[in-house]
Amino acid sequence: MMSKIVRSMTRPLYPFIILFGAYLVVHGHLTPGGGFQGGAVAASAIALLVVAYGGTRMFRKGTLTAMESSGLIVFISLAMVGMATVFFYNFLANGGPIFGEAIFYGPNPGYFNTAGVIPLMNMAVGLEVIGGLGVIIIALGKKAFEVME
Amino acid sequence: MRKSVAFGGLLLVFAFLLIAAVNLHGFGDPTNTEMDDYFIHNGQRQTGANNIVTSVVFDYRGYDTLGEATVLFTAVSGVLIALRKEGGEE
Amino acid sequence: MIGNAPYIVVGFIIFLGLYTAIFKRNLIKIVMGITLVESGVNLFLITLGYRTGGGAPIFTQATNMHMVLPTPQALTLTSIVIGVATTALMLSFIVMIYKHYKSIDAKDVRRLKG
């Protein structure tokens, strides 16, 4: 439990931190970022909540564990779907129904509807990293507060 | 006595690191870059991603990422097991 | 060799990390030393892949077509995540050690010593 200044600044700020993390995850195939980085940024919002309030009401341990497991399962099954050719085959790129636009070598302004399974894998890994790091932060913070008393 | 021996060994390791650093190829001039040039020139056409690092992480070297996700999952399981409610019984 | 100064800096960071991990007795400081070694290795991978005057390997509105190597950056990403995982595991073990021994001095953790 931190001071009133930290608490009252945390409340309006943490949704924007999570939003920025989601932006990094979703635009991972166009700009610097990706699943791991965006997930780490979003988990820092959870860390801010834990430090300021001594726990989070919104992110429970069960939810975060479910997010982590489902992210890993979606990632592995996306890799398995391309199994007809080879494991981790990018079956959506260059002509798939979603994210299937083809691009060619050279700079371009950045088309969102490209890159096949890479954005989907980014989202799955982002979900997994948010869940994993959030669970670690919440468990460590709770235990540390408990041991300190 | 033991402390000074350990410090001597540490200095030996540091000297090895320094010699290796001085004799490496020059900074900003890597030698074998065929694979990376292939990724840079063909990554956009083959995977459709503008970010070459992402296409390497999730497409060309997907196995690495699979192992990495598994390591993260195992670490989370380890933390949850180590910090569970009851604590370890002796 | 002033041109190889980044490699020398990397060696110095790894030296500092090893010194901290070997000579400090506080377990938190040992974890800090191991993290320093990790950072040195990550920095080493990044500097290995640098090309003079190169830009980031991202084609969205790129102006500089001379790009640094992407593979070391991808492997560094893997290494960073694994470093976070191992650091979390080490810190949780330190919390358990503090709970059992009421101390985080490495000299006090000696129940297995004969």
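**A walk from the surface of chain A to the contacts of chain C**

A:I5 is exposed, because its relative accessible area is 63% and the cut-off for that word is over 50%. Keep in mind as you look around that this is a predicted model. You can find A:I5 in helix α1 of chain A, which covers residues 4-26. A:I5 also has company: together with A:M9, A:L13, A:F16 and A:L19, this residue forms a nonpolar patch on the surface. The accessible area of those five residues adds up to about 550 Å².

Now let us turn to the place where chain A meets chain C. Each chain brings 16 residues to this contact. Between them, chain C and chain A bury about 1,300 Å², and 77% of that lies on carbon and sulfur atoms. On the chain C side, C:F59, C:T60 and C:V95 provide 31% of the area buried against chain A, more than any other three residues. How many salt bridges cross the interface of chain C and chain A? The count is 0. There are, however, 2 residue pairs in polar contact between these two chains.

One residue deserves a closer look here. C:T60 sits in the loop of chain C that runs between α2 (27-48) and α3 (70-101). The side chain of C:T60 reaches the backbone oxygen of A:L30 at 2.5 Å. That side chain also makes a polar contact with the side chain of B:N50, at 3.1 Å. Which residues does C:T60 touch, leaving aside its neighbours within four places in sequence? They are A:L30, A:N108, A:P109, A:G110 and B:N50.

With B:N50 we have arrived at chain B. Here the contact takes 47 residues from chain C and 45 residues from chain B. The two chains bury about 3,900 Å² between them, with 75% of it on carbon and sulfur atoms. In chain C, the residues that lose the most area to chain B are C:F15, C:F23 and C:F59, which together make up 15% of what that side buries. You may recognise C:F59, which was also named among the residues that chain C buries against chain A.

Charged and polar groups take part as well. The interface of chain C and chain B has 1 salt bridge: the side chains of B:D37 and C:R51 meet at 3.2 Å, N to O. In addition, 9 residue pairs are in polar contact across this interface. Helices α1 (5-23), α2 and α3 of chain C each supply at least two residues of the side that touches chain B. The largest share of that side, 19 residues, comes from α3 of chain C.

Note on methods: Residues are numbered from 1 along each chain as its sequence is written. Chains are lettered from A and ligands numbered from 1 in the order in which they are written. This is a predicted model: local features need pLDDT of at least 70, side-chain atom pairs count only at pLDDT 80 or more; totals for chains, interfaces and linings use all residues. Side-chain values use heavy atoms; hydrogens and water are left out. Patches are made of residues with over 30% relative accessible area and no salt bridge: like charges are joined within 9 Å, nonpolar side chains (Val, Leu, Ile, Met, Phe, Trp, Tyr) within 5 Å. Accessible areas come from the Shrake-Rupley method with a 1.4 Å probe; for residues, only the protein chains shown count as cover. A salt bridge is a side-chain nitrogen of Lys or Arg within 4 Å of a carboxyl oxygen of Asp or Glu. Helices (H or I, at least four residues) and strands (E, at least two) are DSSP runs, numbered from the N terminus. Buried means under 20% relative accessible area, exposed over 50%, partly exposed in between (1.4 Å probe, protein chains only). Contact means heavy atoms within 4.5 Å. Buried area is the accessible area (1.4 Å probe) that two parts lose on being put together, summed over both. A polar contact is a pair of N or O atoms within 3.5 Å; within protein, one must be able to donate a hydrogen and the other to accept it, and residues adjacent in sequence count only if both atoms are side-chain atoms.
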